[in-house]
Amino acid sequence: MNHIPVLAKEVIENLNIKKDGIYLDCTFGAGGYSQLILESGGIVYCCDQDITTKKYFNDLSAKFPNKIHFFHTNFNFIDEILAQNNIEKLDGIVMDLGVSSMQIDDGGRGFSFQKDGPLDMRMNQSDENLQSAKDFVNYASEENLADIIYYYGDERDARKIARAIVNAREKEEISTTSQLSNIVKKAKNFNFKQKIDPCTKTFQAIRIYINNEMNFLITALQKLSKLLRIGGKILVVTFHSIEDMIVKKFFSSLDKGFYNSNYELLNENFYANHQFKMEKKVITPSNQEIKENIRSRSGKLRIIERILDE
Ligand SMILES: C[S@@+](CC[C@H](N)C(=O)[O-])C[C@H]1O[C@@H](n2cnc3c(N)ncnc32)[C@H](O)[C@@H]1O
């Protein structure tokens, strides 16, 4: 099934789209946000590190010729690509983090514990330098496994799970999602009454680690916030408490002017000008949206606006 964009109405309403304004969609996916921006008269530059999303771009580009431009890249590098394309300023930036429904539903990508497939989890399968989840699970130390599962998964049983992984891989290589999910279920004494699947947190943690999601989020936000025009906003939809915390803390530091534009910490007597205003309220999906799209349930939208130039 194609991805249903989460909090789409709220994102578009808050973006204040201007005709022929330039908007960056950092996480194109199936192009849900991009399409709405185009329909409201904006011009879209978009990227996705997963090349399989290109087909959705081709469809949109046929409907809106010359109004949308796609780049296959991690959003951490999109600032350089925009510069090469002579785009110096943006009227708005959207990020819709995590994985898409297409990625989860395709067992061959290895993101899902509900579908058997190779333990891969790389969003960018063309990047040969990225290690797969299989490499990580089979070669990482027990301590690293436990730390990643604990910190990126908020998983209380991380140490037990790491031990079980190490015991299992001594007998045979762990190469599929069902092997890993059976190991986790056993380690956590899975019982069918539990509300969330016992594998959710472990799979999420490994995915976040493999794709280096937290670090790219921080560096991209730092670089992209410099490109906003006055009145332009960054809107980020997160699905994970650490992601949300990163966005919240980063937006607060911009709002308060803790750093200059090179992100050098300033003495409190020399706070930078207040160039940004953060929307204090976090926006979450309505009950109706959650009913229609259960994957939206943990979505949180945070917004910041540039109010003054550097
Ligand atoms: C939740 S989906 C976005 C769905 C999209 N808003 C829509 O309406 O279809 C997230 C997408 O972002 C991509 N992605 C995640 N992290 C990325 C990154 N650091 N750089 C580029 N793309 C990324 C994923 O490959 C995935 O296709």
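**A seven-strand sheet and a ligand shell**

I start with one pair of residues: threonine 238 has its bridge partner in E7, and that partner is lysine 300. The pair belongs to a set of six bridges between strand E5, residues 228-238, and strand E7, residues 300-306, and these two strands run antiparallel. Two strands count as paired here if DSSP finds at least two bridges between them. Helices (H or I, at least four residues) and strands (E, at least two) are DSSP runs, numbered from the N terminus.

Two notes on the source. Residue numbers start from 1 along each chain as its sequence is written. The model is predicted: local features need pLDDT of at least 70, side-chain atom pairs count only at pLDDT 80 or more, and totals for chains, interfaces and linings use all residues.

Now the overall picture. The protein has 13 helices and seven strands. Its C-alpha trace spans about 60 × 55 × 40 Å along the principal axes. A compact globule of 310 residues would have a radius of gyration near 19 Å, and the protein's 20 Å agrees with that. That radius is taken over C-alpha atoms, and the globule rule is 2.2 Å times the number of residues to the power 0.38. Of the 310 residues, 42% are buried. Buried means that 20 or more other C-beta atoms lie within 10 Å of the residue's own, exposed means 12 or fewer, and partly exposed is in between, with C-beta atoms placed from the backbone.

Next, the sheet. What is the order of its seven strands? The order is E3-E2-E1-E4-E5-E7-E6, in an open sheet with mixed pairing. Strand E3 (68-72) and strand E6 (276-278) are the edge strands, each pairing on one side only.

Strand E1, residues 22-25, is covered on both faces: Ile22 and Leu24 are buried on one side, Tyr23 and Asp25 on the other. E1 runs parallel to E2, joined by four bridges, and isoleucine 22 stands opposite isoleucine 43 in E2. Between these strands the chain passes through H2, in a right-handed β-α-β crossover. Right-handed means that, with the strands pointing away from the viewer, the path from the first strand over the helix to the second runs clockwise. E1 also runs parallel to strand E4, residues 90-96, through three bridges; leucine 24 has isoleucine 93 of E4 as its bridge partner.

E2 in turn pairs with E3, parallel, over five bridges. Cysteine 47 stands opposite phenylalanine 71 in E3. E2, helix H3 (residues 54-63) and E3 form another β-α-β unit, right-handed.

Now the ligand. Which residues are closest to it? They are Pro5, Thr27, Gly29, Gly32 and Asp96, out of 21 that surround the ligand. A residue is near a molecule if its C-beta atom, placed from the backbone, lies within 6 Å of it. Helix H2 (32-39) and strand E2 (43-48) are the elements that give two or more residues to this shell. By type, the shell has eight nonpolar, 10 polar and three charged residues. Nonpolar covers Ala, Val, Leu, Ile, Met, Phe, Trp, Tyr, Cys and Pro; charged covers Asp, Glu, Lys and Arg; the others, Gly among them, are polar.

Last, glutamate 279, which sits in the loop between E6 and helix H13 (287-292). Why is glutamate 279 partly exposed? Because 16 other C-beta atoms lie within 10 Å. Its C-alpha atom is 45 Å from that of valine 166, 113 residues away along the chain.
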